[in-house]
Amino acid sequence: MTILSVDQNLCIGCEECVRDCRMNIIRMEQEVPAIAARREKYCIKCFHCLAVCKPGALSIHGVSPEQCTPVKGRFPALDAMEILVKGRRSVRSFSQKQVDKDLIHRLIHAASHAPTGKNNRGLLFTVVDDADTMRTLRTEVMEGIRETLRQGSSHPEAAFFEAALARWDDGQDIIFRGAPHLLWVTAPATNTTAHVDPYIALSTFELLANSAGLGTLWCGFAKWAMADMVPQVAKRMNIPEDHHTGYVMMFGKPAIRFHRTVEHGPATINSVRL
């Protein structure tokens with residue numbers, strides 16, 4: 001069965017799908033788009049052909065135009081996006097109120113549409129969407145750090161974790177910042193851009209989360225703790241051993257409100273003329 005289907009009553013023969021096929025596997029046959037012989041295996045499921053078809057005549061891999069959302073006039077205005085980017089702040093003070101799980105999964109699903117190298121996809125979005133589970137995880141990680149330090153750790157940030165553990169014993173959480181939720185994005189190490197793709201996805205998630213009124217924190221401390229100091233935690237969280245460790249983001253309802261953007265001054269721009 002072919003991966004491509006075309007409603008010939010809607011197709012206008014414009015050939016936009018042919019021109020925008022990145023893998024050059026679509027061609028016109030009897031004035032209708034079709035997959036070239038023996039080229040189906042080269043499709044990377046970018047869905048450009050479906051998206052570029054104005055009359056909505058083309059479906060591919062079982063996805064039809066009716067299942068998708070029209071974009072005309074629905075992108076946010078530049079001013080709104082600029083304020084979102086400039087107004088986003090790292091949050092280190094969170095409410096303990098549980099974020100609605102449906103909202104969390106909606107944000108993750110949207111973030112999963114972020115670009116990946118060669119459209120490999122394959123990202124794993126490991127989420128703690130339950131505040132009680134997050135409290136258990138924090139305790140397990142901190143006690144794991146205690147044991148690792150007791151046995152003697154060669155981690156370059158061992159001194160930091162000793163200090164963090166002392167603060168933990170004093171009732172302060174400087175690693176997870178008391179956040180009720182955590183998102184850890186990893187990628188198969190065999191992916192060409194496994195070291196980059198998780199960051200792109202988390203950057204997308206961050207903007208989505210902030211647009212939904214949530215606060216976020218890029219958390220290298222948590223990544224170090226769970227990937228390096230207490231690596232058994234990753235196994236407990238069902239993260240495959242052959243995945244690049246990616247990065248960790250804390251999130252939840254912020255316990256603080258920011259009232260304005262912060263202007264950092266002009267960017268350093270290297271404008272090239274050749």
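In the predicted model, a side-chain oxygen of Asp100 lies within 3.1 Å of the backbone nitrogen of Asp102, at the start of helix 4. Helix 4 spans residues 101-111, and its buried residues are Ile104, Leu107, Ile108 and Ala111. These four residues lie on the same side of helix 4, because the arc that they cover around the axis is only 95°. Such an arrangement can be related to helical geometry: an α-helix has 3.6 residues a turn, so residues three or four places apart point the same way. The exposed residues Asp102, Arg106 and His109 are carried on the face of helix 4 that is turned away from its buried side. The cover over the buried residues of helix 4 includes two helical and strand partners of particular note in what follows, helix 7 (197-211) and strand 8 (243-252), and also includes strand 5 (124-128) and strand 6 (181-188).The interior was examined next. The largest nonpolar core comprises 34 residues, and those with the most contacts inside it are Ile145, Ile175, Leu182, Met226 and Met250. Two or more residues are given to this core by each of helix 5 (131-151), helix 6 (158-169), strand 6, helix 8 (220-229), helix 9 (232-236) and strand 8. Of these elements, helix 5 gives the most, with six residues. The surroundings of Leu182 illustrate the packing. When neighbours within four places in sequence are left aside, Leu182 is in contact with Thr126, Val127 and Val128, with Met134 and Leu137, and with Phe176 and Met226. The remaining contacts of Leu182 are with Met237, Val248, Met249, Met250 and Phe251. A second core, separate from the one described above, has 19 residues and includes Val99, Ile104, Ala111 and Phe205. Two of the residues named here, Ile104 and Ala111, are also among the buried residues of helix 4.

Aromatic side chains were then considered, and seven aromatic pairs are present in the structure. In one of them, the ring centres of Tyr199 and Tyr247 are 5.3 Å apart and the ring planes stand at 40°, so the pair is classed as tilted. Because Tyr199 belongs to helix 7 and Tyr247 to strand 8, this pair ties together parts that are 48 residues apart in sequence. Tyr199 is partly exposed, at 31% relative accessibility, whereas Tyr247 has a relative accessible area of 18% and is therefore buried. Tyr247 also forms an aromatic pair with Trp218, likewise tilted, with a centre-to-centre distance of 5.8 Å and an angle of 50° between the planes. This pair links distant parts of the chain, as Trp218 is in strand 7 (residues 215-218) and Tyr247 is in strand 8, 29 residues apart. Trp218 counts as partly exposed, with a relative accessibility of 26%. In addition, one aromatic cluster is formed by Phe160, Phe161, Phe221 and Trp224.

Finally, the cysteines were inspected. The structure holds zero disulfides. Cys46 takes part in no disulfide, and the nearest cysteine sulfur, which belongs to Cys49, is 6.3 Å away; a disulfide would require the two sulfur atoms to lie within 2.5 Å. With a relative accessible area of 31%, Cys46 is partly exposed. Cys219, in contrast, is buried, at 3% relative accessibility.

Conventions. Residues numbered from 1 in each chain as written. Predicted model: local features only at pLDDT ≥ 70, side-chain atom pairs only at ≥ 80, totals over all residues. Heavy atoms only, no water. Buried < 20%, exposed > 50% of the residue type's maximum accessible area, 1.4 Å probe, protein only. Arc of directions from axis to C-beta. Contact = heavy atoms within 4.5 Å. Polar contact = N/O pair within 3.5 Å; in protein donor to acceptor, adjacent residues only side chain to side chain. Core = buried A, V, L, I, M, F, W, Y, C linked by side-chain atoms within 4.5 Å. Phe/Tyr/Trp six-rings, centres within 6.5 Å; stacked < 30°, edge-to-face > 60°.
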